[in-house]
Each structure stands twice: as C-alpha cells, then as structure tokens.
Amino acid sequence: MARILLITSLIGSLFMAANVAAATRIRCASTTSTQNSGLFEYLLPIFEKKTGIKVDVVAVGTGAAIEIGKRGDADVVMVHAKDLELKAVEEGAFVNRHDLMYNDFVIIGPANDPLRIRGMKSVADAFKKIPAQGAEFVSRGDKSGTHTKELAIWKTAGLDPKGQKWYLEVGQGMEKTQRLANEKRAYTLTDRGTWLATRDKDKLEMMVVLEGDPVLFNQYGVMAVNPAKHQQVKYKEAMAFVDWLISPEGQKAIGDFKDQHGNQLFIPNAK
Amino acid sequence: MQSIIEGFAAAFRLIVTLNPELWRIILLSLEVSGTALMLATVLGLPVGAFLALRRAPLRGLVISLLNTGMGLPPVAAGLFLYLFLSRSGPLGFIGLLYTPTAMIVAQCILAFPIVASLSHAAIANVDPVIRQAAITLGATPIQESLAVVKEARYSIMAGVMAGLGRVMAEVGAIIIVGGNIAGYTRVMTTTIALETDKGNFELAIALGIILLTISFSITVALRFFQRLGQGGTSGN
C-alpha cells in the first residue's frame, strides 16, 4: 500500500513539475548545426535573464524541425531552408517568419584533394567531377537544410545521385557526417560553422576545397507556429523570443557569439 | 587508441569531481527508469499472476503477445507514442510530449511485457503443492493467489530486474518522446548519443562507464535474488 502511495505521489509530482514549468517554458525546434555550434548555450541564458522565458531546444534536421512545428509540437522554429520555410508559411503552419542570420556552406574533401577541385569556382561543376573520377560523396540524407541545399546542387549539375554506389546517404547530423567523410576519404557539403567548430577537435584530415559560390549562401530563419492552427502553442512567448532575436540586442548577441577558437560562426542579417 | 585512453582518463576525472551537469543527468535517468519500472511492476505483476493462476479465455494469445512485446524495438514504441502524444495526435491535449513524464510512459510500455511475462513464468513454476496446501487450510481465492505469488517472489524480482536492465539501456524511445532537451529531458543514454554525434567522446565514455557500473550492479543484484530464490526452494 505504501508503495502504491509513493508511486501515485511520484507521478503526481511529475505532472505538477511539468505544469508549473509550463508557464514560462517554450519549445524551439531547431537544427543540429545551431545546437552543436554552441549558439543556443550562448543566446538562451541572455534571453532567459531578460524575460524569464526558458527555451527548450529540440535539435533535429531542418525537415523534421518544420514537421514538429507543423504538428504543433513546438512553439517556434529556427531552421535554414528558406524555400521550405516560405512554403510552410504559405500553407499557414507558421507566421512571422524573419531572416535571422547567415553563414555559408563549403565543400570539404581529403587534404590531398585527389580530384583537384580546389581552384574551381562552380559547385555544380565540382559535383559533376565526383562520380566522373571515381570519388565518393557523403550525403546527410536526412532532409536537413544542408541536405536540401545539396540536392539542389545535384539538380543544377544535372545528376541524380540517389542509389549510386559512390553516393553514401548516412542519415546523421553534420558533425558525424564530416567524420564519416573523413574516414571514407570522401567529399561532402558542410556548413562553415560546424566545419570551423569541429575540424580540430575531430582531427579531420580534410580541407575546404571550394567556397564562395553564391549558391552556397546559408540563410537561417525563425518563425512562430501559427496559433490559429494550434491553440495550445504559447504564441505570445514565442513572439517575445522571435522579436528579441531580430532586435538590435539579439542581433548583437548572435554576432558576438564565437566558437572556442574565436571564430564568428553566424552573421546577423535580420531586417 | 590514443583517444580511447584519453577518453577514459577524462571520464574518470568527470566522475571523481562529481560534475553537477553529469549528476543531474544520472539522477534524471534513475528517476525516469525507476518510476517507469515501478509502474510496469504494479501493472505487470497482477497480469502475470492472473495468467498463471486463472484459466481465462485467450490466455495463450495474451501470453504470446506479451512474449512478443519483450522484443518490441524501442524506436518503434517511441514513434507510436510520439504520434499519440503529439499535439496533432489523439492524446495531444494533455501536453505530455517532450516531458520526463512522456519518457516514463515510453519506458513503462517497454518494461511492462517483460515484468508481466517473467512474473507469469515465475508464478506458473511454483510447486502446485503450495496452492493445494493453501486451499486445504481454507484460504479464499485471493489468499490462495497471494500465497503462490509470495512463494515466487525471488523469481519475480529477477524479472523486475531484467525490466530495469532494458529501460536503463534504452535510447530509441526516450529520444523521440523526450526530445533530449538539455537540463530537462536529457538522460544518460541520450547524452551518450548526442555527445558521440558532437565528437565529445570524453563525456560519452564517462557516461558509458557509469551506465555499465549501474548495469553491473543490477546483474549482481539479480544473481543475489536468484540465489536467494534457489535457497528458498531447496528449503522446502
């Protein structure tokens, strides 16, 4: 009997803990690249101190993050695939989407660059070279923002890599994908933030072989889940977070954020 | 090889210095898995006892289902639960998704078939003499059942321990319904998965060692209870 009482009270206290916390907690679905870079660990305490709102981050790929928002399982979504974001806004799933910040994608490959991609200007041309010369390409394969960008480049290059022997779809986060590419001596597309943050730590014997193609621009956006679709979402608090991120103060915080080597990983560009 | 050794050294430091973040993660793991197991026992033991002691219709089918449930892949359990608890799902109005409570429910679903199935086996194996003796002594059906369950208590405890082993080691279900939110729903196994993704092998290995230590303790406890049980039977 005592045991049953104990269990009941334990469950009760758990429910209560969840409810008490609910007043000032919002949930942000975001991407592995923002979480793994340490950006949230830097930004969220500043925001929490100012407003008392605690932001819980669920970090998944961009595709999954948008889906979580569409289902009403998050209050705010911060991802990097502008076309998908605008489409989701058009469908009515989200409101108040804003450009937030950017960095860029780069192509990385083995340090000796066997395909001699280095010096090339067009990513699409470089991608054509990969199967033609028998190299391998590691793809995120997880509907993330990076994966979406990569597929768009293959399309431009006029190639369909799906199912090819040289095309390795790993379904993992960015950092793990880089490590896999490193182990396989393959090429991959990565965001500069993850690359800078992890190349030393992971002892990657790789280098940036192509950068600066305008196609590689990586825009991050933030948007609130449409309260008309999901009444339970904490729209007011979510908008407080969005408004702070795009305010001069939030933008400055994003610009101030540096990785442990002192690199600035995101450049704020909210309008 | 170098990184493995460095990892172990760092793991040892983290454990010895009682890193507060680490402690929080360990305590939440124990809280979630412990509560899930208690619930699974409260629900599973009566089911196991009923199946062993009463000739109910569809008994064979239920036992087969429970045995299948013992092998239920945690990610599949997690996905089903996610779809139910999502705000777009049938139970979305409770708002449980991405909370420790959702993780408890997930692990309870995983542990329940193990506790129920092994309790059933334990109780079915009790010497029929016990039951007959109880009946002869004028026991009511409830008293009679309690006498048999009491006789099987050590084997039942072993089943409960097996359930704990399953939920402590599980990552697939809780990462889906818990969301692995820092300082809120992040437990040992999900931290190991995340830190491995991030290349922070030290913290991942440290947690791996702690998890192994807990599993080891469970195994030792399991053996202890089994031997107690054997001692009890030979005494009859």
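Of the 271 residues in chain A, 45% are buried. The structure is a predicted model, and the values below are computed from it.

**Chain A**

Chain A holds 11 helices and 10 strands. Its C-alpha trace extends over about 70 × 50 × 40 Å along the principal axes. Counting contacts in chain A between residues at least 6 apart in sequence, 77% link residues at least 24 apart.

**The contact between the chains**

How many residues does each chain bring to the contact? Chain B supplies 20 residues and chain A supplies 23 residues. On the side of chain B that touches chain A, the elements giving two or more residues are these three helices of chain B:

| Helix of chain B | Residue range |
|---|---|
| helix H2 | residues 20-53 |
| helix H5 | residues 100-124 |
| helix H10 | residues 188-198 |

H2(B) contributes the most to this side, with four residues. Sorted by class, the side of chain B that touches chain A consists of nine nonpolar, eight polar and three charged residues.

**Helix H2 of chain B**

H2(B) can also be described by its length and its bend. With 34 residues at 1.5 Å a residue, H2(B) should span 50 Å. The C-alpha atoms at its ends lie 48 Å apart, which agrees with that expected span. Where does H2(B) bend? The bend, of about 25°, is at Gly44(B). A proline, Pro46(B), follows within four residues of Gly44(B).

In short, H2(B) is the element that gives the most residues to the side of chain B touching chain A, and H2(B) bends by about 25° at Gly44(B).

Technical notes:
Residues are numbered from 1 along each chain as its sequence is written. Chains are lettered from A and ligands numbered from 1 in the order in which they are written. This is a predicted model: local features need pLDDT of at least 70, side-chain atom pairs count only at pLDDT 80 or more; totals for chains, interfaces and linings use all residues. Two residues are in contact if their C-beta atoms, placed from the backbone, lie within 7 Å. Ala, Val, Leu, Ile, Met, Phe, Trp, Tyr, Cys and Pro count as nonpolar, Asp, Glu, Lys and Arg as charged, and the others, Gly among them, as polar. A residue is buried if 20 or more other C-beta atoms lie within 10 Å of its own, exposed if 12 or fewer, and partly exposed in between; C-beta atoms are placed from the backbone. The expected span of a helix is 1.5 Å times one less than its number of residues. The bend at a residue is the angle between axes fitted to the seven residues ending there and the seven starting there.
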